[in-house]
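Welcome to a short set of exercises with worked solutions. Please keep the viewer open and try each task before reading on.

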Amino acid sequence: MAIPFPCFPFSETLTIDKPSIPSSPSLLTQDDLKQIAAYKAVEFVESGMVLGLGTGSTATHAVSRIGELLQQGKLENIVGIPTSKKTHEQALALGIPLSDLDHHPIIDLAIDGADEVDPDLNLVKGRGGSLLREKMVESACRRLVVVVDESKLVDGLGGSGLAMPVEVVPFCWAHTARRLESLFGGGGGAGRCVAKLRRAEGGGEPFVTDNANYIVDLYFAGPIGDVEAASDAMLRIAGVVEHGMFLDMATTVIAAGACGVTVKNKGEVETGLFNERSRS
């Protein structure tokens, strides 16, 4: 079955000044923007919360900030649920108390980054390789706050041309990859999709997730289109564990650009960076 590729039609704007961030917008790096957005997201955290701790370059800033506020006594009685071994190690080093979904099946707030954000706040996540644990934790949270820099805003998921990860079992992974590719019209045309096995650093052995699985990265020629149909179709393929589309999960997205930070909540009218993206 081929999935159609139509394009989708995509808050308050705040500027914040944080220590160690260059004062001139022209000097802001992509990592600076991630840190600004992450610090803004941590403002949603309150003492006594159970927190989902995301994974990746943006989430790292949020976890560091939470640890800093705990050490300063500005936050108390926080419990963190990490979404990867890497985040688990970072949080332990910062003194953040940790638990898991078995003991805390309902999470008050999760903060994480994203690789793509569409107009409906649907996401692509998992280019860091932690998509399964991220989805398990973040599907159990009351509120998911996503922090990105403005380059991650897209008209439709898959529209960046970068990887959309799918976690698969190692057994006959190439067969699973071919089925994923053909699902989206991998033979050519407007729906062309290329599936590639992700390799570990250095390009040798396959990248192995925290769950001992592989990742097949899908590269699309344009926006996926009907993401709900695509999601259902991928999950019906034997060998697919989970995919990197996080649909109808984010409640708030914080996007940082050179001129400030835009906060968009689910269902709000586009303003700030979101509105600029839709006009571009």
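Two strands count as paired if DSSP finds at least two bridges between them. Keep that in mind for the first exercise, and remember that the model is predicted.

**Exercise 1. Work out the strand order of the open sheet of 4 strands, and find what packs on it.**

Solution.
- Step 1: Begin with one pair. Strand 9 and strand 10 (residues 214–220) are antiparallel and share 5 bridges, which satisfies the minimum of two. Within this pairing, L197 stands opposite V216 of strand 10.
- Step 2: Extend to the whole sheet. The order is 9-10-8-11, and the pairing is antiparallel.
- Step 3: Look at the edges. Strand 9 (193–197) and strand 11 (240–243) each have a single partner strand, so each leaves one side without a neighbour in the sheet.
- Step 4: Add the twist. On average, and ignoring direction, neighbouring strands of this sheet are turned by 25° against each other.
- Step 5: Place the helices. Helix 5 (residues 173–183) packs on the sheet and touches strand 8 (164–168), strand 9, strand 10 and strand 11. The direction of helix 5 makes about 160° with that of strand 9. Helix 6 (residues 227–235) lies across strand 8, strand 10 and strand 11, at about 160° to strand 11.

**Exercise 2. Classify the geometry of the 1 aromatic pair in the structure.**

Solution.
- Step 1: Recall what is needed. A pair of aromatic rings is described by the distance of the centres and the angle of the planes.
- Step 2: Apply this to F184 and F220. Their ring centres are 5.0 Å apart and their planes stand at 80°; an angle over 60 degrees counts as edge-to-face, so that is the class of this pair.
- Step 3: Locate the partners in the chain. F184 belongs to the loop between helix 5 and strand 9, while F220 is in strand 10; the pair links distant parts of the chain, 36 residues apart.
- Step 4: Check burial, for which the cut-off is under 20% relative accessible area. F184 has 1% relative accessibility and counts as buried. F220, at 5%, is buried as well.

**Exercise 3. Find which lysines lie over the ring of F246.**

Solution.
- Step 1: Take K125. Its charged end sits over the ring of F246, 5.4 Å from the ring centre.
- Step 2: Take K135. This lysine lies over the face of F246, at 4.8 Å from the ring centre.

**Exercise 4. Test the length of helix 2 against its expected span, then describe its surroundings.**

Solution.
- Step 1: Helix 2 (residues 57–71) has 15 residues, which at 1.5 Å a residue should span 21 Å. Its end C-alpha atoms are 22 Å apart, in agreement with that expectation.
- Step 2: List buried positions. Among them are T58, A59, H61, A62 and V63.
- Step 3: Ask what covers the buried residues. The cover includes helix 1 (30–42), strand 2 (50–53), helix 3 (85–93), strand 4 (109–113) and strand 7 (144–149).
- Step 4: Look just past the helix end. There, G73 takes a positive phi of about 80°.
- Step 5: Turn to the loop between strand 2 and helix 2, where G54 is found. G54 is buried, with a relative accessible area of 3%. Leaving out residues up to four places away in sequence, G54 touches A59, V63, T83, T87, I111, D112 and E138.

**Exercise 5. Decide how enclosed helix 1 is.**

Solution.
- Step 1: Of the 13 residues of helix 1, 11 are buried, so the helix is largely enclosed by the rest of the structure.
- Step 2: The buried residues include D32, K34 and K40.

**Exercise 6. Describe the partners and the burial of strand 13.**

Solution.
- Step 1: Strand 7 and strand 13 run parallel and are joined by 5 bridges. V146 stands opposite V253 in this pairing.
- Step 2: Strand 13 pairs with strand 14 (residues 260–265) in the antiparallel sense over 6 bridges. Here V253 stands opposite K264, and a hairpin of 2 residues joins the two strands.
- Step 3: Compare the faces. T252, I254 and A256 on one side, and V253, A255 and G257 on the other, are all buried.
- Step 4: Conclude. With 6 of the 6 residues of strand 13 (residues 252–257) buried, the strand is largely enclosed by the rest of the structure.

Note on methods:
Residues are numbered from 1 along each chain as its sequence is written. This is a predicted model: local features need pLDDT of at least 70, side-chain atom pairs count only at pLDDT 80 or more; totals for chains, interfaces and linings use all residues. Side-chain values use heavy atoms; hydrogens and water are left out. Axes are lines fitted to C-alpha atoms, for helices over the stretch in contact, and angles run from 0 to 180 degrees between N-to-C directions. Contact means heavy atoms within 4.5 Å. The expected span of a helix is 1.5 Å times one less than its number of residues. Buried means under 20% relative accessible area, exposed over 50%, partly exposed in between (1.4 Å probe, protein chains only). Rings of Phe, Tyr and Trp (its six-membered ring) pair if their centres lie within 6.5 Å; planes under 30 degrees apart count as stacked, over 60 as edge-to-face and the rest as tilted. A charge sits over a ring if NZ of Lys or CZ of Arg is within 6 Å of the ring centre and within 35 degrees of the ring normal.
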